[in-house]
Structure formats: structure tokens, C-alpha cells
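Open the model in your viewer and keep the selection tool at hand. The tour goes from one chain to the pair, then into single elements.

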Protein chains: 2
Amino acid sequence: MSLAPFGAAALNQTIIGEPGSRTRLETPAAVLDLDLFERNVALLAETCRKAGLHVRPHAKSHKCAEIARRQMAAGALGVCCAKPGELLALFEGGVTDLLLSAPIASPVKIDALARAAAAGGRISVIVDRADLIRAFDDAARRHGTSFDVLIDLDVGLRRSGVATPAEAVALARLVNEARGLRYMGVQAYQGRVQHIDDFEERRAGNRAMGRLLAAMLGALREAGLPPGIVSGGGTGSHLLDGEERLLTEIQAGSYVFMDEAYNSVDIHGRGGPEFEPALRIAVTVIGHSSAGFAITDGGSKSFALDGPPPRVFLAGRMVGRIEWCGDEFGRILPEPGFDTLPIGTVVECTVPHCDPTTNLHDFLHVASGDRLIALWPVEARGRSD
Amino acid sequence: MSLAPFGAAALNQTIIGEPGSRTRLETPAAVLDLDLFERNVALLAETCRKAGLHVRPHAKSHKCAEIARRQMAAGALGVCCAKPGELLALFEGGVTDLLLSAPIASPVKIDALARAAAAGGRISVIVDRADLIRAFDDAARRHGTSFDVLIDLDVGLRRSGVATPAEAVALARLVNEARGLRYMGVQAYQGRVQHIDDFEERRAGNRAMGRLLAAMLGALREAGLPPGIVSGGGTGSHLLDGEERLLTEIQAGSYVFMDEAYNSVDIHGRGGPEFEPALRIAVTVIGHSSAGFAITDGGSKSFALDGPPPRVFLAGRMVGRIEWCGDEFGRILPEPGFDTLPIGTVVECTVPHCDPTTNLHDFLHVASGDRLIALWPVEARGRSD
């Protein structure tokens, strides 16, 4: 006997296409507003096209093969992944052009990546040390395949990558000489500038990092190892990266969904976040507290809490904000003029931080207007390996 | 072709029982130290037995049927669940005595709970409003079964429950008259006192809530509706609840795993947390930053961040603390006298907050000494519905 094997999604599956189905979801449910999502995908593609930049969006934000396919249909070269498990889950989901954007240290994972390459994937990896270059080279040759390789440059994030031109050149030379590897260029992710709210401050921060990057690119060119790919950037910096003309492609992730953490960022210098809050978590008012507040059925197991609290929307109007109330619950603090919502009301909440929030959900409930129109599996949910 | 369908757990499955397997895990992996876990389960059982309290542990912390079974083998009456989906997943995992500790508002979920009761579950629910009593009664009768019912009392958490003796009596009377329901008593969860670090301050807080509870219990007895069950309490309060003699059973959850959020709580007034950090996340050093720090492969997708940062252990010794470094990574800040750990080293980290951390993992890697000895599925992972 199976009472509800896949959670809310199994129940919501039965109402796909029905008028008003979006307002009758079993909750908590991750909702993707398809119209806002499509607008976000088109805006980034267009902004980068005008700036002469390619797009290689970061799939760590969505972990969803269908979203990757739609990003590629809008012109993306491929997608980035933060972890081998995330990459392999998307490869199994049919996405074949994948860049692993962080170093790894597991021979088992390196071997699995080589098997994906041997099975037809175009697998790109980044390296920041000689032994990792040898390990990728050995694995590729063992499986009769090859990896595309970028040298990872540290332009200020202090997480991975080499920080000097000399090291970059030495590693590029090693890659260039390895028979199982193709030297393609560099990765330089300036993660710290993405969330600087003020446009001019962010521009200054991006320029400072650009100077470090320019020095390393110059050294590689002088050494006869000009990088064909210079990959980096993100949702916060992509317009500025177009001005700088150092990157060849942008790894933006959050732009597809957006979140409250990005909502205060003046992304294009016109005063706002530019991209729309396409990802929402639908929750239900499950009761009223004795103090008269509406209590909802989503807490830290449905939302990653590391960001400003969610705004609550009902029929397109903002009716309040969530205050967390345990790991499974929230309390709606109503906007002035709004009463406590009736028990049973389904509302949609923005998310504090989109990437780890998506990782909590097995399915995206794709909605347009008042209808639920599809469920998209989040294939790489939980794949942090 | 399936490269790694279940993530790290599928790879780790192959090394179960091997000497040293605990130090060779593919990561990130949730590790349950079996010896510490068993000590925690036995300590709570013994403390409550001495105080004349039953234990009905909260499964929201672990979401794992095997842990529920072991809690019951140690004397627990059943387990609590925070959500219908969590309850149904554990019921399908073979756990049959289940208390839903929060109100709900979905007819579909109420129906699913009644089906679980009809299929042999002893399903207890809490109510804090008349329409919910009617809905549970209707569903139970429709399926030819019944629910055990507790009246939910608000003793200060301001999330659910009625806050006056008169309301408690009115609802108890309604339940008592409903043919599909069995009036069993009350729930009174004093959530706000659990994390008060100082023992005497927590004792005072618990007493203040006890006075509210005592008034409501008195009114129910006077009305001829004496509660057989008075359910509440938690990891932080259980010893104090034994002094108060108002509760009949304890809903503690975190004690099985423990976390950094509880580590500062003087639980038994003897200066420490009493319970052991049985849940850890194993992570691997995947590289060294250009600043010379070890970078690990676990961030907000493997740990819930809402608590103090993890301590890092290697071979039983604390070697540092984690500083978060993006959603997938951490940086080890070494303890004085410790060098940067070599790339490839697997370390175990305590968790900031156990409940939402477990919810990120499909399996618990059960370890004893230096060996991985089993994988336990987290059946209700993601079941926030």
C-alpha cells in the first residue's frame, strides 16, 4: 500500500492543467513561474549577446536537466556544475556539455567523470595543481577519452585557483603537454563581487579583480598559451564583465530563479535587480496562532534560511513577510491593511537564497497564470557528492 | 548506463565492513556514530524512566525508520512527526505508532492519515480548532477507523494550540463526543525554553510555562475530561519536566544526534550538553586555497547553516572549525598547532543544527570505530508535505 510515495508532487501531478490548480497545490511545493523564468533566461541571453559574451550558466542553482536544456536552447554553450555528482546526475538526465567548476580529490569521482566523457559527454574540468592534472590525464587515457581543461585562477575568492601568473603558466604548460587533456583556457570566478548591492561599488570591485586577471591572461599569452575560454562572472557582474572585455563567457546561475539575497542588488545600474522572482515556495496557512497570526507549513526544510525573509504573495499581491517559526513552519507578518489569511489559503513565498532552496525539493511545479502545467524533476537534488 | 545513481552512498555501500572504511568515504556523507547514538538513546530513556516519564521521541530530527525502531526498542511509546508526509513515509517504513504534532488544513492529507489508520497505524493527531476536529472525525468514520486525539495547548510558543482553559475544555468536549475520535489528552510543547543555555534560567522558564499548563490541566479535570496523556518537552527540558510532574511523556528529538546549537546548553545542570555529537558530516579536503587553507566539499547543501559553525575532527581529535565558503564548500580554520590538512583527507564535522541537516541526506552512514557498518535510509527526507 502506497499512501503518498512522492510527497506533495504525487498529489499535485493529478491536477496539472486544471484551471486554478496553482492555488490548490498540496504544499510545501517549489513553484517555477514559467513566464518569469523565460523572461529571465531571455534577458541574460540578450544582455550577454549584446556584450559579445557567451553564456555557460551555472546549474548549481537549479540542478534540473529541463532548465539546462532551455538555457542551451537560448544559446548557452553548456552548463557548469559545482560537484561531480551534480554533473553526473545531469549527464544521466541528457545534458551532455558540462563544466565542473571546482577541484576534486577523489580518484573514484575522477574515474566517473572520465566514464561520462567516454560515454559521449563533453566534460570540461578545472585544475589548480599538478597532481590533479595528472589524475585527469591518466583517467582520460585509461578510458580512451579526453577532458577539456581550464586553469583555475584565484582573482580574490581565496577558495580555489592559482594566484600568480607564473603558476598559471606552469599549469597551462602541463595541461598542454598531457595527451588526455585539451588546454582550453582559464576560469576566474570573482565570487565576492556578485552581491555588492551598489552598482558603482560593484563595478570598482570587478575592475580590481579584472586587473589581477589581465595580468594572468597576459602571462599566458606571452608564454604562447593564449586562453580560448575565459570563464567566470555571475548574475551580479555579467553586465560589468561585458565592459571589462576579459571574460569570454558568463557562469551566471541565480538569474533563472532570483532570491531575496539578490533583490537588493542594482544589477544593471538602473536601480533594481532586473531579473524576476521566478522561484517561489507555495505554502498553506495551516492554522492561526493564539496571537492571531497565520501559520504556514514551510520552514528550514523547505527554504534555505541564509538570506532576507520571504515576501508572501496571494493572487499576485504582496500580503506579508514570513517570520520563521521552527524548522517546518512560518508566521505571516501581514502588510498594513491586510487581515490574517484564512486557514487553508495557499500563498507563494519568495526565497531567501535560491541555490540551497532548490536543493531541498525533488520537483519544480511549473506554473503559468493560475495553472500548474508541468512537474520538472530536480535530477541533481541532493547530489553534493 | 548508470554512473552513480545514488550519489556517494552507492559508492560507499561497496566498502561496508572494511577496516578503515570510515576514513575512506566518498563525501559529503552524513555519518552516524553508532556508539554515541546508542549512548544518547539509552541516556534519555534512563533519565525519563527515573523521572516516571514516558518517551515519544520526535522523528522530525531523524526522519529514519530504523532510528524510530531503536527508540521504541529502548522503551519509546511511539514517535512524533511534524508533517503528514513525514508520518506517512515512516508508516510506509514500518513504524506504526505515530503522533502528528502540528495542525493541518488539507483534506487530502487528512484523508491520507485516515487511510494509514485504517491500514493498521495507531495514528494520533493534535487539534486546536473545531473544524479540524470535525474533519478528522469525518475522515476516520469514512474509512471505518479512528484517531487518537490530543488537544494542542499553547503554553507560550505562539505557533499552534489554544491558550485558555475554556477553549481547551470546549475542544476536549467536542473530541470526546466525536464517534471517530478518542480523546486521549493534551499536547503542550514549550519550544522556547529548550535552548536556554543556563540551567537555572531554563528551569525558571519551564516553571512559568508549567503554571499555564497546570491551569489548563486543572480545568480539564474539573470538566470531567482528565487528560491521560500530557505530551511535550524536549531535549533541553526533559530533566526539568521530570521535576514539574505535569507531562506524562517527552517529545525530545535532537538528543539522538545533537548539534552545535545544543552544545552550549547545560542540559542536566552539570555544566554540559550531556548527549554526544553522534551525527557528523564527512567531507574531503578537495584543495588548498592560495591563502593556504584546506577547502572541504560541504557547504549549505550538506549542512543546515542555522547554528554555530562545525568543529572538525580527524581520528577523534578536533583539528579546526569550518568557515563557510559558498554553498558547496568550507574552509578549515585550524586549531593552534595543527597544519593545513593534506588534499584528499576525509574529516568529520559536527553540525550547526541537526534536524534540517538530516533532511539534506538520503542515507545515514552508520559507523562504529573505524568502520562503516551500514547505510540507513532517511525515509522521510524531503517529506515536508
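Into which domains is chain A divided? Select 8-32 plus 274-377 of chain A for domain 1, then 34-263 for domain 2. Keep in mind that this is a predicted model.

**The two domains of chain A**

Colour the two selections separately. Their centres, taken over C-alpha atoms, are 32 Å apart. At the junction, 24 residues of domain 1 of chain A are in contact with 22 residues of domain 2 of chain A. On the domain 1 side, pick out α11, β16 (363-368) and β17 (371-377) of chain A, which each give two or more residues. β16(A) has the largest share there, with four residues. By class, this side of domain 1 has 15 nonpolar, six polar and three charged residues.

**The sheet in chain A**

Now show the strands of chain A. Look for an open sheet of eight strands with parallel pairing. Trace the order β2-β9-β8-β7-β6-β5-β4-β3 in chain A. Which strands are at the edges? They are β2 (54-55) and β3 (79-81) of chain A, each pairing on one side only.

Zoom in on the β2(A) edge. Two bridges join β2(A) to β9 (residues 249-250) of chain A, and the two strands run parallel. Select V55(A): its bridge partner in β9(A) is I250(A).

**The pair of chains**

Bring chain B into view. What rotation superposes chain A on chain B? It is one of 180°, with 0.0 Å of shift along its axis and an RMSD of 0.0 Å. That is the relation of a two-fold axis. To find the axis from chain A, select L360(A): its C-alpha is the nearest in that chain, 3.4 Å from the axis. The same surface serves both copies, and 100% of the contact residues of chain A recur in chain B.

Next, select the contacts. There are 68 residues of chain A in contact with 68 residues of chain B. On chain A, the elements giving two or more residues are α1 (8-12), α4 (84-92), α5 (107-118), β10 (279-288) and α11 (354-358). By class, this side of chain A has 30 nonpolar, 20 polar and 18 charged residues.

**Helix α4 of chain B**

Move across to chain B and select residues 84-92, helix α4. Is this helix mostly covered or mostly exposed? It is mostly covered: eight of its nine residues are buried. Among them are P84(B), E86(B), L88(B) and F91(B). Now show what surrounds them. The buried residues of α4(B) pack against α1 of chain A, and also against α3 (65-73), β3 (79-81), β4 (97-100) and α5 (107-118) of chain B. Just after the helix, stop at G94(B), which takes a positive phi of about 105°.

**Strand β6 of chain B**

Last stop: residues 147-152 of chain B, strand β6. Six of its six residues are buried. In a regular strand the side chains alternate between the two faces of the sheet. Here both faces are covered, with F147(B), V149(B) and I151(B) on one side and D148(B), L150(B) and D152(B) on the other.

Add the neighbours. β5 (residues 122-127) of chain B pairs with β6(B) in the parallel sense over four bridges. V125(B) has V149(B) as its bridge partner. With helix α6 (residues 130-142) of chain B, the two strands make a right-handed β-α-β unit.

Then select β7 (residues 181-188) of chain B, which pairs with β6(B) in the parallel sense over six bridges. D152(B) has Q187(B) as its partner in β7(B). Add helix α7 (residues 165-177) of chain B, and β6(B), α7 and β7(B) make a right-handed β-α-β unit.

Methods:
Residues numbered from 1 in each chain as written. Chains lettered and ligands numbered in written order. Predicted model: local features only at pLDDT ≥ 70, side-chain atom pairs only at ≥ 80, totals over all residues. Least-squares fit on C-alpha atoms with pLDDT ≥ 70 in both. Contact = placed C-beta atoms within 7 Å. Nonpolar A, V, L, I, M, F, W, Y, C, P; charged D, E, K, R; others polar. Pairing = 2+ DSSP bridges. Buried ≥ 20, exposed ≤ 12 C-beta atoms within 10 Å, placed from the backbone. Right-handed = clockwise from strand over helix to strand, strands pointing away. Domains from an automatic or database assignment.
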